[in-house]
Structures are given as structure tokens and as C-alpha cells.
Number of protein chains: 2
Amino acid sequence: MLERIFPALTWARGYSRDMLGGDLIAAMVVTIMLIPQGMAYAMLAGLPPEAGLYGAIVPLLIYAALGTSRTLAVGPVAVVALMTAAAAGTVAAAGTPGFHVAALAIAMMSGAIMLALGLLRLGFLANFLSHPVISGFITAAGILIAASQLRHMLGNATSGKTLQELVPSFLANLGQINRITLALSLVVVAFLFWARTGLAPLLRRFGLNPKLALLLSRTALLVAVVVSTASVWAFGLDARGVRIVGEIPRGLPQFGWPALSFDLAQALLIPALMIAVVGYVESLSIGQTLAAKRRESLDPNRELIALGAANLGAGLSQAMPVTGGLSRSIVNFDAGAQTPAAGAFTALMIGAALMFLTPALYYLPNATLAAIIIVAVMSLLDFRALPRVWAISKADGAAMAATMLATLFIGVEQGLLAGVGLSLALHLYRTSRPHIAIVGQVPGTEHFRNVARHRVVTDPAVLSLRVDESLYFPNARLLSDRILAEVAGNRALTHVVLLCPAVNSVDASALESLEAVNLRLRDAGVTFHLAEVKGPVMDSLKRSHFLEDLSGQVFLTQYDAMQTLSPVLTRDTRAAPRCETAL
Amino acid sequence: MLERIFPALTWARGYSRDMLGGDLIAAMVVTIMLIPQGMAYAMLAGLPPEAGLYGAIVPLLIYAALGTSRTLAVGPVAVVALMTAAAAGTVAAAGTPGFHVAALAIAMMSGAIMLALGLLRLGFLANFLSHPVISGFITAAGILIAASQLRHMLGNATSGKTLQELVPSFLANLGQINRITLALSLVVVAFLFWARTGLAPLLRRFGLNPKLALLLSRTALLVAVVVSTASVWAFGLDARGVRIVGEIPRGLPQFGWPALSFDLAQALLIPALMIAVVGYVESLSIGQTLAAKRRESLDPNRELIALGAANLGAGLSQAMPVTGGLSRSIVNFDAGAQTPAAGAFTALMIGAALMFLTPALYYLPNATLAAIIIVAVMSLLDFRALPRVWAISKADGAAMAATMLATLFIGVEQGLLAGVGLSLALHLYRTSRPHIAIVGQVPGTEHFRNVARHRVVTDPAVLSLRVDESLYFPNARLLSDRILAEVAGNRALTHVVLLCPAVNSVDASALESLEAVNLRLRDAGVTFHLAEVKGPVMDSLKRSHFLEDLSGQVFLTQYDAMQTLSPVLTRDTRAAPRCETAL
């Protein structure tokens with residue numbers, strides 16, 4: 001029971017020295033990435049750098065106790081930081097105390113929403129964010145994130161929340177570029193890009209074993225931070241216009257209830273819900289990918305609970321919203337993390353850094369953080385996804401394009417809402433117009449196929465229609481319209497057979513439509529039959545009085561139906577060998 | 001071409017004397033019903049009596065020219081009148097000129113919406129109003145309509161839009177009942193109820209032939225109007241507190257553009273949309289029921305155009321919104337209407353009545369109109385529908401109950417919105433959690449069934465899952481969660497087979513989920529296969545790179561899959577006769 005609440009108890013019992021070794025090394029590598037990334041994502045969210053570092057302490061300890069993934073690295077991530085900035089920006093200006101309170105409120109509210117969804121086992125609601133929508137959203141968010149860092153890369157005042165604002169601002173501020181800042185950021189971007197693929201081979205050439213070389217290559221961020229900070233300090237670049245991080249409060253975060261108000265909560269409810277859903281979906285997908293490699297599995301609803309508690313902890317400890325991050329999780333996994341204890345160790349190391357290292361970060365240039373963000377979001381961009389999805393399904397492609405355009409030009413919330421709304425609408429539209437085929441018999445067989453596609457024989461007195469979709473209210477009336485239209489003016493007709501092999505369910509509307517069809521056909525002197533009805537559908541029919549009222553019969557197969565209704569037509573197929581065990 | 005726009009041209013060409021006879025008699029009977037009903041529904045809508053009579057002139061002429069139903073009787077109907085009162089009541093008080101303008105605006109806007117939906121061939125959108133929702137709404141509206149007539153039945157000031165307001169108002173006004181009004185309305189209600197079933201047999205006993213007796217029984221409304229009007233006039237009941245209709249402007253309606261404003265249009269847009277959809281759905285369902293009896297059919301989109309034009313005509317001729325009405329359409333059909341010309345004749349007769357008969361209606365008591373309304377709406381009430389729908393489907397029952405409760409206690413718009421929203425949400429919930437079964441082989445056969453329900457054999461190295469739903473984003477992740485959960489910790493497993501006989505379609509999200517499953521299973525050393533994939537699904541798979549990446553195969557049947565993956569298991573079934581022609 002206690003293990004169900006605290007999955008940590010499961011692995012803590014068998015914790016071994018080997019596991020400790022793997023977890024400690026992984027924690028060290030992740031910490032080295034997390035210190036600059038935490039500060040960078042705090043900057044992206046419009047928050048002071050410590051809000052990012054705090055996000056790597058309490059939330060990580062909570063997730064280590066409650067999470068079901070063994071290798072997921074929780075903490076500040078770029079997309080959630082961008083969404084936080086957009087949401088908090090609607091209630092206060094970045095840098096003001098009101099903005100910071102709003103960010104804490106978002107962490108707490110999205111945490112509470114995740115917790116509630118998890119406890120109520122409503123994790124499946126996140127599924128309504130379709131793959132194309134989330135993928136389009138992440139790419140568009142990546143573009144916005146990169147564009148938002150132009151001010152730090154160029155050292156000027158480029159600003160804006162959407163491309164509509166960012167592009168004119170970029171052009172207007174082109175004259176105010178700080179050349180040293182630009183040079184610094186370009187060098188860091190180039191180094192980090194090279195380090196991704198070039199550093200490990202170089203280290204191997206110096207005689208390191210491949211595993212250690214890969215581990216050490218993860219310290220590229222640290223190298224960039226140390227070298228750029230040292231350069232600013234040594235050459236006094238801050239006096240020449242290079243903006244620096246400055247003072248970071250020394251010590252651990254203080255716990256405290258943020259100054260929430262009802263108005264604030266109301267204004268931030270929808271953004272908090274979206275941040276909760278996006279954070280959860282991203283985190284779950286990363287966690288599942290990693291878990292599958294070791295034949296482990298995650299419990300989606302308990303992941304929601306763990307992430308929800310982690311975000312509540314973030315909001316109560318002055319930290320920005322958190323979720324599972326892709327790059328650090330992969331590093332954590334590759335570095336050999338064995339249990340969530342690696343996350344707890346990471347938190348302790350970040351805590352130690354906050355107590356002892358903050359003076360060393362005083363001269364860290366914002367340009368370096370911007371470069372770290374830019375390199376990180378490059379992996380989020382997937383421009384080939386749109387043509388790929390479009391080729392598979394125009395509806396999905398349209399939802400994806402709408403999400404991207406609305407996110408880029410209107411805003412992150414509007415983009416997500418547009419995508420979810422459009423994909424639901426297109427899904428409903430699709431299921432509301434099912435494929436309905438008139439079928440005839442393939443001569444000499446027991447098979448019945450679409451008359452429009454195959455050479456088949458039909459009996460003018462019997463109309464056989466196959467519907468290729470479950471029947472529910474969005475398409476119920478369409479089916480009856482179609483049947484009545486086929487019957488209208490067709491005086492030769494005496495039987496209509498509806499083939500239901502593709503009907504997985506019927507609802508009350510579909511049943512009433514079928515009842516209406518039955519009565520209207522009876523009024524017109526036509527008998528109505530069903531064939532190939534599945535078990536669950538038959539159960540639904542039995543719960544209503546449809547079967548008592550049905551003017552015709554329910555046939556097991558269409559061949560049975562035609563043998564009864566049109567013996568002349570089926571007789572000549574007797575020559576073909578009949579299959580007694582079919583279906 | 002011209003016939004496609006004006007269906008009237010189709011029947012006008014072959015118009016015969018027989019048809020003229022039938023149409024004239026039907027028009028006469030319908031007119032006799034329509035004069036009191038039109039005035040009554042105008043009263044229900046909070047409009048002067050002539051607004052109802054005008055609704056029986058121009059709209060009927062337009063529908064006769066454009067409509068595709070031969071027997072539908074268009075005009076003022078109770079539910080639309082109630083919805084008009086509710087909507088116009090949000091912008092002005094009943095009886096004020098602003099209220100009348102709002103009602104005309106509603107007619108024009110709902111007409112324009114119908115026309116647009118019809119021209120864009122978007123009639124299927126009305127399908128999202130599910131049967132249980134519309135049925136619950138109509139019953140709840142019927143209760144509200146009856147309750148709203150209490151003031152006229154009792155001759156007091158009972159008022160309110162919902163039961164929340166009507167019940168306390170009824171109790172507070174119990175002391176102010178006008179006894180003569182109450183007596184009069186009770187007598188009329190009793191007479192009309194009796195006349196429904198008792199009048200025709202009585203007339204037959206007097207020697208009339210059955211058909212004529214039935215026709216004459218339809219004049220019960222006329223009898224009630226004449227007798228009650230004469231009583232008020234003869235005994236001076238209006239001086240003793242019996243409220244009367246009073247002066248009705250003599251002559252035909254004037255054409256004129258109502259004083260619309262942008263604010264008014266904005267305030268009435270949602271109600272107008274709902275009135276359009278409810279009016280269309282009701283009218284179409286009545287029209288289809290009648291058409292089917294003569295093996296005729298309606299064109300739903302052209303019905304929308306005809307009803308839309310009729311309502312635009314209503315708004316431009318000082319009339320209330322209209323649609324096809326159940327009781328008058330049945331009377332029209334039974335009385336032998338052959339073509340829509342019956343509707344045009346009805347319009348002419350109503351016009352004649354407006355020119356010559358209005359003085360005779362001066363002393364018509366409101367109580368009689370209220371009694372007519374009450375008797376008319378009794379046929380709308382269907383209290384057994386809720387338990388019936390609930391037995392078929394709890395989701396549909398819940399949507400129906402929510403519609404009824406919200407309509408009765410919050411308002412008509414909110415009721416409809418709650419119903420549509422809940423039924424969509426429940427539909428999405430249902431499809432988001434598909435039935436997934438692990439299947440095994442029925443010994444000695446080629447059949448595979450749910451291991452939980454049947455005695456089947458399985459191979460621990462092969463997991464066979466059957467999913468009973470199309471795969472799209474609401475359920476895509478659930479399937480992959482389930483597969484990964486089954487694989488987790490199961491070291492014996494080497495193959496997973498997904499059976500897709502019930503999958504009618506896959507979207508991009510489902511494809512990406514399947515791709516992720518494939519990759520994650522491959523990482524775990526498990527091969528992923530599909531079996532019994534339908535043609536359209538196979539087409540979707542081919543449009544992506546799923547089939548190239550698939551670690552396993554796509555099998556035609558599950559039996560093929562097991563023969564390949566688990567020859568030991570299937571070998572002993574060889575004894576059973578194999579069927580070469582299966583599927």
C-alpha cells in the first residue's frame with residue numbers, strides 16, 4: 001500500500017553500491033548541465049536565475065519519492081518556460097514582483113491540476129492533444145524561444161511574444177547591436193554545436209575510453225560557462241555592454257505561500273491547464289521511451305501525481321514550473337542512472353552549488369545562457385513533420401499547420417487551443433460522414449463487395465448497404481437519409497439489408513435512427529434486415545425494443561441473408577465449394 | 001436547373017384537378033387549426049397575435065416554392081416560440097417594441113443561418129444534436145411552455161422563464177386566481193382533449209362517413225374559439241377579468257426591414273443558431289416521416305434553404321420565426337394534401353382571414369389560446385424516453401438528463417448547450433477508451449478469442465492483442481500504454497501481434513503511437529506484428545514509413561501470424577479441416 005503511494009520504497013529496499021555508483025555519476029553530469037540550463041530557462045521565463053536553480057531542488061526530491069520513471073530528469077524545461085512567460089506576461093510585466101508571483105501561481109495551479117487529474121485517473125484527457133498538434137506546437141514554440149533570445153544574443157532590445165511583434169522589433173533594433181555580445185554568443189553557439197558531435201571523438205583521440213569521453217563531452221556547457229564567465233571578468237566586458245547574470249541570492253530556497261488571489265487564479269487557470277497538459281505529455285513520452293529500453297513501464301496517472309506534487313513543491317519554494325526534460329533525461333540514462341535517487345542526488349548537488357558557487361556565477365554573461373537555450377531548442381524543431389503528417393492525413397496536417405501558425409503569430413495558448421479545437425472538429429467531421437457502400441455478390445463466391453469497385457451481381461428487389469463506421473449521433477441521421485434516398489422512387493425494392501461488420505458500437509441516436517428507418521421502410525412496404533452484427537452491437541439492440549419491431553431478420557452473414565431473400569441470385573454459387581467453418 | 005432551385009416546378013407541371021381538390025381541402029383544415037394556433041404561439045413568444053398569423057402567410061408561400069417536402073406544414077410552432085421568447089427576453093422586456101424587433105431579428109438571423117448552412121451543404125452539422133438531447137430538450141421545453149401558460153389559465157400574474165422562477169411565482173400568485181378564467185380554460189382543455197379521440201366517433205355515430213368525421217373532428221379548435229369568444233361577448237366576461245386578444249390590425253402584413261443593430265445581432269447570434277438547428281431538426285424529422293409513407297424523400301440541404309428563406313421572409317413581413325410543425329403536418333397529410341400548393345392555399349386563406357375576420361376575434365379569450373397551447377404541447381412530452389434511453393446507454397441517458405435539468409432550471413439555450421457539450425464529451429470519452437482484448441486460439445480451430453472469456457490456448461512468447469475501435473488521437477496513447485504495460489517485466493515475450501479487424505481508420509497520432517510502440521518494442525528485443533488489417537488502414541500505413549520500420553510482419557489473418565510465429569501451437573489444429581476460402 002505504502003509502496004503504491006511511494007514507488008521509491010520499491011527500489012530503495014534493494015539499493016546496492018553499484019546502483020549508488022551509477023546514480024552518483026549520472027547526478028554529477030546532470031547537475032553540470034542543470035546549473036546553466038536552469039538559469040537559462042529562468043531567463044527565458046522572465047524570472048531571476050535562482051527561480052530556475054530552485055526548480056532543480058524541491059521538485060526533484062518530490063519526484064524521486066513519487067515518480068514511476070527510474071531515469072526521467074525533472075526540472076525547468078524550455079517549452080514550459082516559454083508558456084510560463086506568455087501566461088505570466090498577461091497579468092504583469094516581466095521582472096516585476098507581480099510577474100514572479102504569477103509564475104509561482106502557475107506552478108502551483110498546474111501542479112494542482114496534474115495532481116487532481118492523476119488522483120481522479122483522468123490522465124487520458126491529455127490524449128486529446130493529438131501528436132500532430134503537440135509536434136506542431138513544440139516546433140513553433142522552439143522558433144519563438146529562439147527568436148525571444150535574439151535580445152540576449154545581439155545585446156539589444158528586440159522583444160515581443162509572437163513573430164508579429166518579434167520580427168518588426170528585430171528589424172527596428174538592428175542598429176543597436178552590441179558587437180562583443182554578438183561575438184561571444186556566436187562563439188558559444190558554435191562551440192556547443194561542435195561539442196555535441198565533435199567533443200567525444202576528440203577526447204577519445206587523447207586516449208580516453210569511449211564511455212568516459214562521452215561523459216566528459218557532456219561538460220561542454222560547463223566549459224562554455226566557465227570560459228565565458230572568466231572572459232567577462234578578465235577583460236571587464238560587462239563595462240562594455242555585455243549584460244551579466246549578476247547577484248544570485250546565496251543559500252537554499254525559502255518555503256512560502258505565494259500571494260495568490262482569486263482574480264489571479266482565474267486569469268491563469270487556462271494557461272495553467274495547458275502547461276499541465278503539455279508538461280505531462282512531454283514528460284510521459286520521454287519517460288516511456290526510456291523505460292521501454294529497459295522493459296520497464298510508467299503508470300501515467302501516478303506520473304501525473306508525481307509531476308503535480310513536484311510543481312506544487314516548485315510553487316511553494318520560489319521555483320518556476322518543472323517537468324521531465326528530454327536532453328537531461330537522455331544524459332541521465334546514458335550516464336548510467338539506475339534509480340530516481342540520481343534525481344535526489346542532483347537536487348543535493350544543486351543545493352550545494354547554491355550555497356557555495358553563486359559568487360562564481362556573477363560574471364556569467366546572459367549571451368551564454370541565450371546560446372545554451374538556442375542550442376537546446378534546435379533539437380525541438382522538426383520542420384519535416386508537417387509534410388510527413390500531411391501525406392498521411394490532410395486533416396492531421398491541417399490541425400498541425402493551424403497550431404503552428406496560431407502559435408507563431410497569435411500566441412502559445414491560442415495555438416494549442418486552435419490545434420485541439422480543429423483536430424476535434426475534424427475528427428467529428430470525419431466520423432460524421434462514414435463510408436457507405438452498396439454491395440453485391442462476387443459471382444461464384446460467398447463474398448460481397450462494393451458495386452462501385454467490383455464486378456458483382458445484385459438483385460433489384462434487395463438493397464444491401466455496408467456502413468464502414470460505428471454508428472453514433474454524428475452520423476446516425478446520415479445513414480437513414482442515405483437509406484431513404486435509395487428507397488425513394490425505387491418501386492422494385494422489397495428488402496433492405498444493412499451490413500454491420502465494421503460497426504463496433506451503436507448509441508441511442510443511432511438506434512432511434514435505425515428504428516425510424518425500420519418504421520419508414522415498413523410504411524413504404526419494404527422489409528429491413530441486418531447482417532453480420534457484432535456481439536456488443538447485438539447487446540445494445542437487445543436492450544431496446546428494436547429487435548421486436550424489426551420488420552425483417554438479423555442474419556449471421558450476408559450470404560445467409562441473400563440465400564433467404566434472393567434464392568435465385570445465390571443458387572448459382574452453390575457450385576463453388578462452401579465453407580462451413582467460415583467466421 | 002431551374003427545377004433544382006424551385007422544386008415547385010417539378011410538381012406544378014403535372015398538377016391535376018384531383019390534386020387541386022386534395023390540396024384545397026387540406027388547406028382549409030390546416031387554416032382552421034392555424035388561426036388559433038398562430039395567435040396562441042405568438043402569445044407564447046410574447047408577441048402580438050398578428051405576428052403568429054403573419055407567420056402563416058409569406059413563409060408558407062416561400063416554402064411552397066422552395067421546399068422539397070410535399071406535405072410538411074410550415075408555420076409558427078410551440079418550441080421555436082418558447083426559444084424566441086427566451087432569446088428576445090434577454091435584450092428587451094416582452095411587449096416592448098424592442099422585444100418585437102428582437103423577434104424579427106431572430107427570424108432573419110436564424111433564416112440566414114439556415115440558408116448559409118444549406119448553400120454550403122453543411123446540414124450534417126445538425127447531427128451533432130443527438131436524438132436523446134433533442135428529445136430531452138423538447139420534453140423540457142414542453143413543460144416550460146405549459147408552465148408559462150399558467151398565467152393565462154389562472155388569469156393571474158404567474159411568470160418566469162425557468163421552473164426556478166415559475167414555481168415560486170405560481171405559489172405567490174395562487175391567491176389572485178380569476179375563477180371565470182380558470183373555469184373557461186379548464187372547459188376548453190377538457191373539450192380539446194376529448195375531441196382528439198372522442199369527436200370523430202361521435203360524428204360517425206351521427207351518420208357521417210369516417211373520413212369526413214375525421215376531417216370535421218379537426219375543427220375542434222374552431223369550435224373552442226367560436227364558443228369561448230361568443231361566451232365572452234355574450235356574458236361580458238372581459239369586464240369580469242377575463243383577458244381577451246383585443247384589436248388585431250386588419251389586413252396583410254407590411255414588408256419592412258427591421259431596425260437591426262450590430263449589438264443586437266451579436267447578442268442574438270447563439271440563440272438564432274440554436275433556433276435554426278432545433279427548427280431544422282424537428283422539421284426534417286417530421287418531413288422525412290411523412291415522405292417515407294409515400295416513398296418520397298427530402299433533400300436535407302434544400303430543406304435548410306427553403307426553411308431559411310421562409311424565416312427571412314418571416315422577419316421581413318413582421319412575423320415570428322417558423323418551421324415545420326408536427327400536428328398540422330399530420331393533419332395536412334391525413335386531409336389529403338398532394339403538393340406544397342396546399343401550403344400556398346393555406347397562406348391565401350389566412351390572408352383572407354386577416355382581411356375580413358379580425359373583428360370576430362376581438363373577444364377571443366387568452367385562456368382559450370393557453371388551453372390550445374397546453375393541449376398541443378402534451379404531445380411533446382415523452383417522460384418514458386429517459387428510462388428507455390438510459391437502459392440502452394448510460395452516456396446517452398446522462399446527456400438527456402443534463403439537457404432536461406439545465407433547460408428546466410437554467411434556461412433553454414443553456415440546456416441545449418449542456419446537452420450537446422456533454423454528448424460530445426461522452427462520445428469522445430467512449431472512443432478514447434477502446435476495448436482491448438488479449439486473444440488466444442480456440443483449440444482445433446482457426447479462431448482466436450478473448451482469453452478472459454473463452455477457453456483458449458496461448459504461447460507465452462507471443463502476445464496477441466485485439467483492439468475493437470478505430471485508432472485516432474483520443475485513444476492512440478492508451479493502446480501503446482497497454483502494449484508497453486503488457487511487455488514490461490515479461491521476459492519470455494518475443495512477439496507482439498496487434499489484431500486490427502475492427503480498426504476502420506488510423507490517423508497520424510495513432511500511426512506515430514504505433515511507430516513508437518514498434519521502436520520501443522525493438523529496443524526491448526520484441527518483434528511487433530499486425531494482423532487482419534483493412535484496406536483503408538493499410539493505405540494509411542503505406543503513406544507513412546511505418547511498414548519499412550516495422551520490426552515484424554503484416555499478416556493476412558491471425559492464424560497465419562501464429563503459424564509463422566508459433567508453429568508448435570498451431571500444429572495440432574491441422575487435424576481440423578482448413579478453410580481455403582475464409583475471409
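Angles under 35 degrees count as roughly parallel, those over 145 as roughly antiparallel, those from 65 to 115 as roughly perpendicular, and the rest as oblique. This is a predicted model, in which local features need pLDDT of at least 70 and side-chain atom pairs count only at pLDDT 80 or more, while totals for chains, interfaces and linings use all residues. Residues are numbered from 1 along each chain as its sequence is written, chains are lettered from A in the order in which they are written, and side-chain values use heavy atoms, with hydrogens and water left out.

Helix 19 and helix 20 of chain A (helices are DSSP runs of H or I, at least four residues, numbered from the N terminus) pack at an angle of about 150 degrees, and they are therefore roughly antiparallel to each other. Their axes, which are lines fitted to C-alpha atoms over the stretch in contact, lie 5 Å apart. The table lists the residues that meet, contact being heavy atoms within 4.5 Å.

| Helix of chain A | Residues in contact |
|---|---|
| Helix 19 | A:Ala385, A:Leu386, A:Val389, A:Trp390, A:Ile392 |
| Helix 20 | A:Lys394, A:Asp396, A:Gly397, A:Ala398, A:Met400, A:Ala401 |

Elsewhere in chain A, the side chains of A:Arg218 and A:Asp334 meet in a salt bridge at 3.3 Å, N to O, where the rule asks for a side-chain nitrogen of Lys or Arg within 4 Å of a carboxyl oxygen of Asp or Glu. This pair links distant parts of the chain, 116 residues apart. Over all chains the count comes to 10 salt bridges, whereas across the interface of chain A and chain B the rule finds 0.

That interface takes 73 residues from chain A and 72 residues from chain B.

Technical notes:
Axes fitted to C-alpha atoms, helices over the stretch in contact; angles between N-to-C directions. Helix = DSSP H or I, 4+ residues; strand = E, 2+ residues; numbered from the N terminus.
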